[in-house]
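Biologist: I should like a close look at a single part of this structure, namely its aromatic side chains. Please describe how the rings are arranged with respect to one another.

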Amino acid sequence: MYFLFFLYLIVNFLHFLCACIDLNHLATITKFFGSTLSGQAIIYSEPEKRVMSRSGDECVVALTDQWYITYGESEWKKLADECLSNMNLYSDETRHGFEHTLSWLNQWACSRSFGLGTRIPWDEQFLVESLSDSTIYMAYYTVAHHLQSGDMYGSGESAIKPHQLTDDVWDYIFCGGPYPKSTDISSSLLERMKQEFEYWYPFDLRVSGKDLIQNHLTFCIYNHTAIMAKHHWPRGFRCNGHIMLNSEKMSKSTGNFRTLRQAIEEFSADATRFSLADAGDGVDDANFVFETANAAILRLTKEIAWYEDNLAAESSMRTGPPSTYADRVFANEINIAVQTTEQNYTNYMFREALKTGFYDLQAARDEYRFSCGAGGCNRDLVWRFMDVQTRLIAPICPHYAEFIWRELLKKDGFVVNAGWPTADAPDLTLKSANKYLQDSIVLMRKLLQKQLSGSKKGNKKGPPAASLTDSKVTGLIYVNEQFDSWEAECLSILQKKFSRDTRTFAPESEILQALQQSSVGQSSNFKQVQKRCMPFLRFKKEEAIALGAQALDLRLPFGEIEVLKENLELIKRQIGLEDVEILSAADADSLARAGPLASLLNQNPPSPGKPTAIFVTL
């Protein structure tokens, strides 16, 4: 009696204490001896923070008897680590998430006493909780149709009853166990199920949300390693983020919400898919934007109109194999799009696939049309573009692609069955040459505008600028195709300090010491030269790390003068001049053509990859 009275006082004291303390900040599990005290106390668990259910109710957690799976057991964890190390996870963030989960995951409560689920075989008063019960159901996919008489929805009556699926049967199908002699399932059906499983397993990819890394997906790794042979372990997980709507979290309560049906009715299926692909890749939250979906409708409609116009005018186009510089560049851009887009789809980077297979390819098409000028486009190249882009966009916009394929291009069959387009290996030197050309044109326009504005304002210092508006203007473009002087010395130092295999450089201090000991470093004005050397060294180091050792060559991998001369008509058209000459800065007679404006060349000397233009009246 005294003991019960004393216990009664303790319980009441605890009630008083709990009333004084904010229970939301209690992280310990408290037990009250309710059965002893005739219901005056209950057994309960205090959550670490407020927990809300999907129905919007505040959760109260009951402390009950539990069964636990001991994840984290040393030998088992080694197998899980080994499995993870050989998996393709598509991003460093995902791999770090799994590694972190494996480092802390230990005991996991795997049972519950209510709801739907599988009974725990050795303690049938409990059910296996849902996350623990859904770790190897990928294996079930491989045989489910056999268990449902070929009907994936299971609407018909199965020839196999649940009680026939004993442990021996599953061991035979999934784990390479002996043939279950006690089963009355036909041997032919069991053999087909086993063959199906062996055909589909191991699974190459499981796509799921990033929030399941710390439970379901890690359980999947653990339980596959525990149950199945090593050659049946998972090969890849592709985890994605959540999705926002117009940069805000989706919420029914705020009205910022769309179902798939609503999105399709509002934007169409293909525009919805287009915007979803554009929403983002990786584990970051994607952002579905209404403006993007509406713009997709207009863009795809405009593209159909372009196809129709060009198909109607194809008789006026040039025929034969690609012959001009613009032809070669455009054909190369198509090859690049095929290669890079295939890689992006392989990595499930749909936003990047949309960029390389649609946006970039259209930009290349538009540049090609402008570059062709009066000569017009090559018909075969235009047809190749239409064929390739239709195939590349088909996974994202299938209805649009099928319409183009069958109604406009008049192709047989379906584009989905046409296969991936073939392409030659991309010519990266040609791509670099075209970038040089386009960058040079932009630079020439800026220099022309600068000289025009300078001539209007008057030049108070240095030689007088010619009035470019009074007579015919000629553009003189000076090119220096090889680094010399201090730049050549810097490149020589970097070449010696660069590892081609690892694309890494020696320490900064070692490069600086080599610079000080060079002929450049021994000059009397080294401090002034150093101010130019250091930015140049940094730029070339970054370029070599990205592109390789060729970035440290004294010349570009293509002839600059040749590229500019071959595209002289395009340059004239782009900068708006009738007379343009391409000259070598190493030729004295060419330098003399600059006349009184030669000082501009001294102020802004040309270098490889960066020509200089001056504009004179002749």
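Modeller: The following account concerns the aromatic rings and the charges that lie over them. The model is a predicted one. It holds 33 aromatic pairs. One of these is formed by Tyr 71 and Trp 76, whose ring centres are 5.3 Å apart; their planes stand at 35 degrees, so the pair is classed as tilted. A stacked pair would need planes under 30 degrees apart, and an edge-to-face pair planes over 60 degrees apart. Tyr 71 is buried, since its relative accessibility is 0%. Trp 76 also counts as buried, at a relative accessibility of 15%, because the cut-off for that class is under 20%.

A further pair consists of Trp 306 and Phe 385. Their ring centres are separated by 5.7 Å and their planes meet at 85 degrees, so this pair is edge-to-face. It connects distant parts of the chain: Trp 306 belongs to helix 11 (residues 290–312) and Phe 385 to helix 14 (residues 379–393), with these positions 79 residues apart in numbering. Both Trp 306 and Phe 385 are buried.

Beyond single pairs, one aromatic cluster is made up of Phe 98, Trp 170, Phe 174, Phe 197, Tyr 201, Phe 203 and Phe 237.

Charged side chains also lie over aromatic rings. Lys 194 is placed over the face of Tyr 172, 4.9 Å from the ring centre. Likewise, Arg 406 has its charged end over the ring of Phe 414, at 4.5 Å from the centre of that ring.

Notes: Residues are numbered from 1 along each chain as its sequence is written. This is a predicted model: local features need pLDDT of at least 70, side-chain atom pairs count only at pLDDT 80 or more; totals for chains, interfaces and linings use all residues. Side-chain values use heavy atoms; hydrogens and water are left out. Rings of Phe, Tyr and Trp (its six-membered ring) pair if their centres lie within 6.5 Å; planes under 30 degrees apart count as stacked, over 60 as edge-to-face and the rest as tilted. Buried means under 20% relative accessible area, exposed over 50%, partly exposed in between (1.4 Å probe, protein chains only). Helices (H or I, at least four residues) and strands (E, at least two) are DSSP runs, numbered from the N terminus. A charge sits over a ring if NZ of Lys or CZ of Arg is within 6 Å of the ring centre and within 35 degrees of the ring normal.
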